Amino acid sequence: MILFKTKRKRLRRLFANSMQLNYDYSSPAYHTEHNGLQQIQRDDMPSAPDGMWIKCSKCQGVVYNKQLGNYKICPDCGGHFRISAWETINLIIDTDSFKERDKNLVSNDPLNFPGYAQKVDDLANTLDIKEAVVTGRCLIHHEDTMLCVMDSNFIMGSMGSVVGEKITRAFEEATANHLPIIIFTASGGARMQEGIVSLMQMAKVSAAVKRHSDAGLLYVTVLTDPTTGGVTASYAMLGDIILAEPGALVGFAGRRVIEQTIKQRLPDDFQSAEFALKHGFVDKIVPRSNMRNMLGRILKLHNCEQKHNKYKNAEFEYFCTPYDTEPSEVVAISRKITRPTCRSVISHILTDFIELHGDRNFCDDGAIVGGVGYLGDIPITVIATQKGCDLQENIATNFGQPHPEGYRKTLRLMKQAEKFGRPILALINTSGAYPAASAEERGQGEAIAQNLFSMSGLKVPIISVIVGEGGSGGALALALADKVYMFEYSIYSILSPEGFASILWKNSERAKEAASVMKLRPKDLLELQIIEGIIPEVAGGFENNISYSLDYLKQLLMHEFASLIRKTKQDLLNDRYDRFRKFGAY
């Protein structure tokens, strides 16, 4: 198999080189070069049929066309070739379910731009589309949805009057029929030939997106290569969930314009989908071969008809006999590197979890994991602080200490949960917010404050669970909840015992004494009514019997969410306010 692949690559290189040769057949040197090869008449030279071999723009390799398959993905580097709107539609929809809208809508050339009308007409006659977007209604994994797919073959997918109008009409139909909408973007931006009229499409479509969003409906964008200019600066970046194909060009201003302006060469991955993910603007990169399945999962999670009336308040027996463990020992166990991470908790209690990334502002913080999944049959949003199981993971997660963008990511996902009526679960294991100059520059305190402010008014149930450490305001930023629970060997405190001893007694070596004074154990906090309950662990920590603790947690959450969801929104908010209003000693 390896030998076959090696020969195949050699053949590709030979073919590519032969395509680049530029012989002068009239030159005498032609008869004697190439080690005495005899002259071959041009008409006798072998040639490949048009389209048999295609050059990959990502790896520059030459690929046999049939190897690309229906997904048009390079077998060597995974690069995604550009495909037409109809190719995309046929890959995504349930068979024969697409009902096209506004097929014959065409531009009337608002500026009378020379040659524009003829160009549009020529493209309409050449391609199987009359404009740069195809819109319609379809089924994806049996879920009814509006679908818009742009096509870069039509004037680089530029957004003119008709593109803006067709997409706006699609949003209006989706809003009127209480449907989700998915848009595959592929565009060079606004259409120059339509001038200011084209620019106005950005505002028009954005206003339609807002009305659809205000109706509590799902909007998913899929960024394909290229997504730039006015499309990026309007509806492409307004999705509730933003997906992207690998390697897609995503940006506003052109690379060349930026380099000329700043007089610097930009990184190779600049304005790639991966670059956008790293900087917090994309939820997930999904290969084209997995896109239909991913969209089906997302649509099912947000199906309004399925998610109601599934909350059953089953019988539940609360745990009430925790170990009376020495506080300093509880501190030590809560910090153990072997303690299961919040990701481990998520994988045990939720099914079909889809992780979502980014704060839509600066970065995707590895210290925060967030997304949606099923708790039993109920879709919920889960947000968690994440530590690592080894040094490499801890570096990637910043040892579980969130940056400001981490807290802004949690707030984005919590507001998204409120929009769709999903309960929120927060899992906490952090020594505190990241104390660094860069965090202060980006507003660490402001980010935490905004979380507290917003969580107090979210109109959906919130349950917070402290899994390991619950350190200071960095933990509280995820714990302004209707109910708070702690694992038996977890801690919740104003700061670390070492910090407490250092500040009050000027001696961090008195940390063991501080742990006792601070009342940071679940047992103590239950007596103070800071928390509602305790998740049991076996002696030494729940890594010794994960199922024992997490099975209990899952049943507890299902029971408590069932109770909370039955409250009116106003009662929910009033009870949450009263829960924190009572704290104080005077």
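This text walks through aromatic pairs, charges over rings and a surface patch in a predicted model.

Start with the aromatic rings. Ten aromatic pairs are counted here. W53 and Y64 form one of them. Their ring centres lie 5.6 Å apart, and the planes meet at 45 degrees, a tilted arrangement. W53 belongs to strand β1 (residues 53-55). Y64 belongs to strand β2 (residues 62-64). The two are eleven residues apart in the chain. W53 has 25% relative accessibility, so W53 counts as partly exposed. Y64 falls in that class too, because its relative accessibility is 29%.

Next comes a pair formed by F316 and Y552. This pair is also tilted, with 5.2 Å centre to centre and 55 degrees between the planes. F316 sits in the loop between α11 (304-307) and α12 (327-334). Y552 sits in helix α22 (residues 546-565). The pair therefore links distant parts of the chain, 236 residues apart. Both F316 and Y552 are buried, which means under 20% relative accessible area. Y318 joins F316 and Y552 in one aromatic cluster.

Rings also carry charges over their faces. R510 lies over the face of W505, 4.1 Å from the ring centre. R579 is placed over the face of F580, at 4.9 Å from the ring centre.

Now turn to the surface. I196, L199 and M200 make a nonpolar patch of about 290 Å². L199 is in helix α6 (residues 195-214). Its relative accessibility is 41%, so L199 counts as partly exposed. Patch residues need over 30% relative accessible area, and L199, at 41%, is one of the patch residues.

How values were computed: Residues are numbered from 1 along each chain as its sequence is written. This is a predicted model: local features need pLDDT of at least 70, side-chain atom pairs count only at pLDDT 80 or more; totals for chains, interfaces and linings use all residues. Side-chain values use heavy atoms; hydrogens and water are left out. Patches are made of residues with over 30% relative accessible area and no salt bridge: like charges are joined within 9 Å, nonpolar side chains (Val, Leu, Ile, Met, Phe, Trp, Tyr) within 5 Å. Accessible areas come from the Shrake-Rupley method with a 1.4 Å probe; for residues, only the protein chains shown count as cover. A salt bridge is a side-chain nitrogen of Lys or Arg within 4 Å of a carboxyl oxygen of Asp or Glu. Helices (H or I, at least four residues) and strands (E, at least two) are DSSP runs, numbered from the N terminus. Buried means under 20% relative accessible area, exposed over 50%, partly exposed in between (1.4 Å probe, protein chains only). Rings of Phe, Tyr and Trp (its six-membered ring) pair if their centres lie within 6.5 Å; planes under 30 degrees apart count as stacked, over 60 as edge-to-face and the rest as tilted. A charge sits over a ring if NZ of Lys or CZ of Arg is within 6 Å of the ring centre and within 35 degrees of the ring normal.
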